[in-house]
Amino acid sequence: MIDGSQRRQIRRLAALGVGILLASLLPPAHTAQAQPEPTPAAATTGSPVFREASAFDVTAPLRDVARDSRRSAAPQAPPAIPEERGPRLRDRGHTADRAVQAKKPRRTIGGTNANFEGLSNQDNFTVLGGRVNPPDPVGDVGPNHYVEMVNLVFGVYAKNGRLLLGPLALGDLWAGFPVDECTENSGDPVVLYDQRADRWILTQFTTRGSDYPNEPANLFYNCVAISTTGDPTGSYYRYAFNTGYNFPDYPKYGVWDDSYLITTREFGTVDPSVYGVGVYGLERDRMIAGDPEARAVSFLLQDGRVPLNLIGDGLLPADADGPKAPPAGSSAPIVGTQDDGAGYGATFDAVNVWEFNVTWNAAPTASVGLKTQLPTAAFDSVFPCQPTARDCLPQPGITNRDQYLDVLSYRQRPTWRLAYRTFGSYESMVTNQSVEALPGQAGIRWWELRRDRRGTYTIRQEGTFAPEDTVNRWMGSIAQDRKGNIALGYSVVNGTDVYPGIRYTGRLAGDRRGQLTLGEATVVNGTAAQTSLNSRWGDYSSLNVDPVDDCTFWYVNEYYTQAGAAQAPTGNGWQTRIASFRLPHC
């Protein structure tokens, strides 16, 4: 994300080979489709760093903050979202996807229940006096509320779609906080609902210093607010955990047993040679209690010490769904993918599974390590895009390739959640990644992983959803209900008659493995194209499960309408839509 010199540095990183191998890692599983890497040999994950929060306080109820913000001065133009930085990969031609589901299943899936407008770029203009792109739409659902965050505002809804709070600027949540970097509207927000504690977690990163040396060096922070009760319009405990001079790009969060988990893509600013994946644990019990001495532990999986193919563009932490906690003392799975055509040094396509452990006591300990590599059916994560690496997907009526849509925000990373559940004798987790499923056509590769009581991981099933109907499907999010049924939501577009819109599909637990069998339903059809020249789409969407019945899925994603597009002279009049649905027999 940042300036040209840093992009050149990341391109250099992507060109490196496998590098120094890790130690104390299990050899990857063997399959007929791939030859595993040699067993790693030397330990290089580094020592854990424990620290307390850089700052802590408690807010007034957000409903009071909202009243105060309405009485504040005129809106100020929002800061520019830092340009995404990371490897710029070159398409080497299409590699056949060996798990494509090209036949569209018969429609048996139900329609939406709730279906209402979420936040939009017009809200940014109203609150902040300007517009940004991409939106990074994300949300979660609780017993009575749905909370949505985007770049650079957030809001709280009743489940019938009534807006109860907001839109507020992200920085409003942090007004008056001692770490004033958190008070800026920086973005990459995340919403989590912690079902077992009945608490809401709202986050953003900080960006001050990311343009170093053109601005002064500055510490970076993960800013984490946790509600003091189950009411998301009430008060919050606020924490800031610093990441040193490493910019913590694209933070992803998960709820685990005794920790909140974070993973980031970290880019050194003072030392631009640093690139790696940050892995963090936050002391959940103390944060729930509002303890100012709540601790964080961190590791940096740094390129040059860790083979780049094993971390790629980032890793996803497990995010536990349902009322049942993960087994006490169990390791937290942290998952990424590798593509042998992506230029990171991988020699086969695989899901890489890391495990994170921490013991919170007076003398805390923590560890992280690669548990296993699970070879997958071949997939191709590098899409043919030109003139830039983001100009990928055509839109109706668009002839300027600079206005094609970005299909892959990060090439070697599943998006956005590693949705985790405990089922009796095994644990199950699902995730997905956008791929070039058919020549020139985007689809979604999805996986279900399982971990048994012995701690052994397997790929239970995988598939690539890409019916041969000219429609591109990408920017997905996936989850399971309490029955083990799987739902997948995603963006859709083509170059003739499908404007950027939102759909979903699914399968029942007993259906044929690797198949999404329930057909396809529409959340909302788009009616206009995005015409901004940065092509950014996403960078993520969010599918979550209602804690009330543990069956109803709630989904948020972006789309375009003629009315919304007409409000934005720079072509980025995106809107978001929030919808709920259930799969049969739950």
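**Exercise 1. In which strand is the place of Tyr 250?** Then describe its backbone and its burial.

*Solution.* This is a predicted model: local features need pLDDT of at least 70, side-chain atom pairs count only at pLDDT 80 or more, and totals for chains, interfaces and linings use all residues. Residues are numbered from 1 along each chain as its sequence is written, and side-chain values use heavy atoms, with hydrogens and water left out.

- Step 1. Find the element. Tyr 250 sits in strand 13, residues 246-255. Strands (E, at least two residues) and helices (H or I, at least four) are DSSP runs, numbered from the N terminus.
- Step 2. Check phi. Tyr 250 is not a glycine, yet its phi is positive, near 50°.
- Step 3. Check burial. Buried means under 20% relative accessible area, exposed over 50%, partly exposed in between (1.4 Å probe, protein chains only). Tyr 250 has 1%, so it is buried.

**Exercise 2. Place Asp 198 and classify its exposure.**

*Solution.*

- Step 1. Asp 198 lies in the loop between strand 9 (190-194) and strand 10.
- Step 2. Its phi is positive, about 55°, although Asp 198 is not a glycine.
- Step 3. Its relative accessibility is 30%, so Asp 198 counts as partly exposed.

**Exercise 3. Locate two cis peptide bonds.**

*Solution.*

- Step 1. The bond from Asn 151 to Leu 152 is cis, with omega near 15°. Leu 152 is in the loop between strand 6 (145-149) and strand 7 (153-158).
- Step 2. Tyr 212 and Pro 213 are also joined by a cis peptide bond, with omega about 10°. Pro 213 is in the loop between strand 10 (199-205) and strand 11 (221-227).

**Exercise 4. Which residues form a nonpolar patch with Val 270?**

*Solution.*

- Step 1. Place Val 270: the loop between strand 14 (259-268) and strand 15 (275-283).
- Step 2. Val 270 has a relative accessible area of 41%, so it is partly exposed.
- Step 3. Its partners in the surface patch are Leu 219 and Tyr 245. Together the three have about 240 Å² of accessible area. Areas come from the Shrake-Rupley method with a 1.4 Å probe; for residues, only the protein chains shown count as cover.
- Step 4. Recall the rule. Patch residues have over 30% relative accessible area and no salt bridge; nonpolar side chains (Val, Leu, Ile, Met, Phe, Trp, Tyr) are joined within 5 Å, like charges within 9 Å. A salt bridge is a side-chain nitrogen of Lys or Arg within 4 Å of a carboxyl oxygen of Asp or Glu.
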